[in-house]
Structure formats: structure tokens, C-alpha cells
Amino acid sequence: MKFSKSLLALAFAGTIFGISTTSANADTYTSHNSAYSTNYQTRKTNQTNYSQETNSNQTNTNYAANSANTTASQADTTSSKATAVVNLAKQLAGQNIPYVWGGESLKGMDCSGLTDYVYQQAAGISLGHYTVTQESHVTKETVSNAQPGDLLFWGNQGASYHVAIYIGNNQYVAAPQPGQNVEIQTINSAFMPSFAGHVNG
């Protein structure tokens with residue numbers, strides 16, 4: 001009986017002082033763990049998505065940077081070849097190399113022999129020893145758009161009869177005709193090139 005009174009007193013005291021005498025049941029514990037687990041999974045998913053997005057953005061950035069570097073490298077290579085072509089053409093123009101029909105050596109050259117020789121030696125590109133064949137190795141353009149290292153052609157496309165190497169400043173290097181040497185000449189209306197071509201490769 002005393003024991004029962006003690007229990008009643010304890011219950012009464014708990015009610016007065018706001019002390020809970022009941023322990024958390026299994027459902028409360030499960031519910032708490034479930035909420036914690038859900039929040040953890042949400043945070044983990046968000047972290048994964050953020051990581052994937054970051055990696056994707058980094059990949060895109062790296063791809064763009066690599067593409068830009070490749071393009072810049074190709075431009076540098078093209079510019080370097082053009083410079084080498086121009087330099088060699090100018091050098092040959094000062095060596096008193098005579099015009100020789102069908103020639104392609106320092107002993108003598110014709111117009112297409114000169115251009116083929118220079119491109120092989122300076123850029124490692126074979127153009128062939130014939131003006132029309134050399135047309136097939138270029139991207140054709142107007143004479144006004146020619147850049148140093150480009151070829152200048154005289155005659156109709158597909159039936160050109162003369163070719164030279166443009167070196168800039170309205171000048172070009174050519175093997176003109178029998179009795180003349182390889183030399184630098186100036187573009188003029190009396191003997192105007194018909195079209196130009198940027199060498200591919």
C-alpha cells in the first residue's frame with residue numbers, strides 16, 4: 001500500500017513540476033532516425049549533384065581551353081611556315097638563279113619550279129611542277145586578300161600559265177621568263193595577277 005502511495009506521489013509531483021515520467025517509445029525513436037536519415041540522404045544527393053556539376057563545368061572549361069590552345073597552335077604553325085616561305089623566296093631572289101624551263105634547282109628554275117622548290121624546302125609541302133596542279137593545293141582568293149606566303153596566279157582558274165610567291169607590300173618573287181633571273185617584282189596593272197591562293201597544309 002505504501003508502494004502505491006509512493007507511485008501516486010511521484011506521478012503527482014511529475015504533473016506539478018512538468019517532469020515527464022514516460023520514456024520515448026519505439027515509434028518516436030524510429031521517426032527521429034527516419035528524419036535524420038532523410039536529411040542525410042538529401043545532403044548527400046546535393047553534394048553529389050554539386051560535385052557532378054563542378055566536374056562538368058571543369059570539363060567544359062578544360063575542353064574550351066584545349067580547343068583554344070589547339071587553334072592558336074595551328075595558327076602559329078601556319079604563320080611560321082609562311083614566314084619561312086617568304087624568307088627563302090627572298091633569299092633565292094638574290095642568288096642570280098636563271099630561268100630554266102622545267103628547272104627546279106639552284107642551277108635554274110621556271111615559275112612553278114620556283115614555287116614548288118620553295119614550299120618543299122621551307123614548309124615540307126609538295127605542290128607539283130605545274131601551275132594548274134598547284135591550283136589544286138590552294139584555297140583560292142582575290143589578289144587583294146593575298147597574305148605573305150600565298151601564291152599568285154596568272155590566267156583563268158584551271159588554265160593558269162604563270163605563278164609566283166607573294167611576299168607582302170605589293171611584291172612577289174618569281175622566275176619570270178628566259179633571260180631573266182629569279183627576282184622580286186612589284187604587282188602592277190600592266191601584268192596583273194588573275195587570282196591568289198592560300199596553300200593548304
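The expected span of a helix is 1.5 Å times one less than its number of residues. In this predicted model, that rule was applied to helix H3, which covers residues 111-123. At 1.5 Å a residue, the 13 residues of H3 should span 18 Å, and the C-alpha atoms at its two ends are 18 Å apart, so expectation and model agree.

Burial was assessed with a cut-off of under 20% relative accessible area. By this criterion 10 of the 13 residues of H3 are buried, and the helix is therefore largely enclosed by the rest of the structure. The buried positions are Cys111, Ser112, Gly113, Leu114, Thr115, Asp116, Tyr117, Val118, Tyr119 and Ala123. Glycine 124 follows H3 and has a positive phi, near 70 degrees.

The model also contains an open sheet of 6 strands, arranged in the order E3-E8-E4-E5-E6-E7 with antiparallel pairing. Strand E3 (138-141) and strand E7 (183-186) form the edges, each pairing on one side only. From one strand to the next, the twist averages 35 degrees.

Within this sheet, strand E4 (residues 151-154) and strand E5 (residues 162-168) run antiparallel and are joined by 4 bridges. Phenylalanine 153 has valine 163, in E5, as its bridge partner.

The helix and the sheet meet as follows. H3 lies across E4, E5, strand E6 (171-174) and strand E8 (195-199). Relative to E5, H3 runs at about 50 degrees.

Note on methods. Residues are numbered from 1 along each chain as its sequence is written. This is a predicted model: local features need pLDDT of at least 70, side-chain atom pairs count only at pLDDT 80 or more; totals for chains, interfaces and linings use all residues. Side-chain values use heavy atoms; hydrogens and water are left out. Buried means under 20% relative accessible area, exposed over 50%, partly exposed in between (1.4 Å probe, protein chains only). Two strands pair if DSSP finds at least two bridges between them. Axes are lines fitted to C-alpha atoms, for helices over the stretch in contact, and angles run from 0 to 180 degrees between N-to-C directions. Contact means heavy atoms within 4.5 Å.
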